[in-house]
Amino acid sequence: SEAFRLAVQQMDLPAAQAALNTRELRTVTFETPIRAYTSAEIAQALMEMDADVVGEYGIRCVCDYIPDNERKFEEEFFAQLEALELTLADQHPYRLLGRNFQVVARKGNR
């Protein structure tokens with residue numbers, strides 16, 4: 001979702017275009033390079049380890065795209081944002097916008 005974030009939150013369309021299909025990213029929090037994977041790639045790896053995928057969830061589907069970070073500290077706004085995030089986390093297509101994702105699998109059900 002880096003290209004989407006750059007376009008929507010930062011309004012940096014050339015950077016968004018450049019970020020398309022980029023697998024190597026850099027975390028701001030830890031200042032370290034990371035490799036991006038899709039949930040489909042993670043799900044495939046889990047299935048190859050004899051695990052069944054039982055759920056896929058988007059994490060931070062909206063929060064990271066809101067440029068006004070100060071509003072996120074307002075109690076009422078945060079509560080509404082949290083409720084929206086929880087609602088969107090497993091709904092297609094919104095879960096696909098998550099800055100991160102979670103793939104839940106159960107081993108040995110085959």
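This is a short presentation on the fold, salt bridges, largest pocket and backbone features of one protein chain.

Good morning, colleagues. Please keep in mind throughout that we are looking at a predicted model.

I begin with the overall architecture. The protein has 4 helices and 4 strands. Read from the N terminus, these elements follow the order α-α-β-β-α-β-α-β. Along the principal axes, the C-alpha atoms occupy a box of roughly 45 × 35 × 25 Å. The chain has 110 residues, and 25% of them count as buried. The exposed surface comes to about 7,900 Å², with carbon and sulfur atoms supplying 56% of that area. As for contacts, consider those between residues at least 6 apart in sequence: 66% of these join residues at least 24 apart.

I turn now to the charged side chains. How many salt bridges does the structure hold? The count is 9, and I shall discuss three of them individually.

The first on my list pairs E24 with R35, whose closest N and O atoms are 3.2 Å apart. This pair links distant parts of the chain, for E24 belongs to strand β1, residues 24–27, and R35 to strand β2, residues 32–35, with their positions 11 residues apart in sequence. Both partners retain some accessibility: E24 is partly exposed, at a relative accessible area of 47%, and R35 is also partly exposed, at 40%.

The next pair is R99 and D64, whose side chains meet in a salt bridge with an N to O distance of 3.6 Å. Here too the partners come from distant parts of the chain, 35 residues apart: R99 sits in the loop between α4 (75–88) and β4 (100–107), while D64 sits in the loop between β3 (51–59) and α4. Which of the two classes, buried or partly exposed, applies to D64? With a relative accessible area of 15%, D64 falls under the 20% cut-off and therefore counts as buried. R99, by contrast, has a relative accessible area of 24% and is partly exposed.

The third pair is R71 and E74, joined by a salt bridge at 3.4 Å from N to O. R71 is partly exposed, with a relative accessible area of 35%, and E74 is likewise partly exposed, at 39% relative accessibility. Beyond individual pairs, there is a network: salt bridges with shared partners join E2, R5, R60, D64 and R99.

Two members of that network, E2 and R99, reappear in the next topic, the largest pocket, where they are among the residues nearest its centre. The others nearest the centre are S1, L25 and N100. The pocket has a volume of about 1,200 Å³, and its lining comprises 38 residues. Which elements give two or more residues to that lining? They are α1, residues 2–8, together with β1, β2, β3 and β4. By class, the lining consists of 14 nonpolar, 13 polar and 11 charged residues.

I move next to a single cysteine. C61 is located in the loop between β3 and α4. At 3% relative accessibility, C61 is buried, because the cut-off for that class is under 20%. What does C61 touch, leaving aside its neighbours within four places in sequence? The contacts are E85, L88, A89, Y94, R95, L97 and G98. The C-alpha atom of C61 also lies 11 Å from that of H92, a residue 31 places away along the chain.

H92 brings me to the backbone. Most residues other than glycine have a negative phi, and most peptide bonds are trans. The peptide bond from H92 to P93 is cis, with omega near 10°. P93 itself is placed in the loop between α4 and β4.

Two residues that are not glycine show a positive phi. For M11, phi is near 55°; this residue is found in the loop between α1 and α2, the latter spanning 13–19. For N21, phi is about 65°, and its location is the loop between α2 and β1. Are these two residues buried or exposed? M11 counts as exposed at 68% relative accessibility, and N21 counts as exposed at 77%.

That concludes my presentation. Thank you for your attention.

How values were computed: Residues are numbered from 1 along each chain as its sequence is written. This is a predicted model: local features need pLDDT of at least 70, side-chain atom pairs count only at pLDDT 80 or more; totals for chains, interfaces and linings use all residues. Side-chain values use heavy atoms; hydrogens and water are left out. A salt bridge is a side-chain nitrogen of Lys or Arg within 4 Å of a carboxyl oxygen of Asp or Glu. Buried means under 20% relative accessible area, exposed over 50%, partly exposed in between (1.4 Å probe, protein chains only). On a 1 Å grid over the protein atoms alone, a cavity is a set of points where a 1.4 Å probe fits but cannot get out, and a pocket is an open set with protein on both sides within 12 Å along at least five of seven lines; lining residues have an atom within 4 Å of a point. Grid points are joined across faces, edges and corners, and a volume is the space filled by probe spheres set on the points. Ala, Val, Leu, Ile, Met, Phe, Trp, Tyr, Cys and Pro count as nonpolar, Asp, Glu, Lys and Arg as charged, and the others, Gly among them, as polar. Contact means heavy atoms within 4.5 Å. Accessible areas come from the Shrake-Rupley method with a 1.4 Å probe; for residues, only the protein chains shown count as cover.
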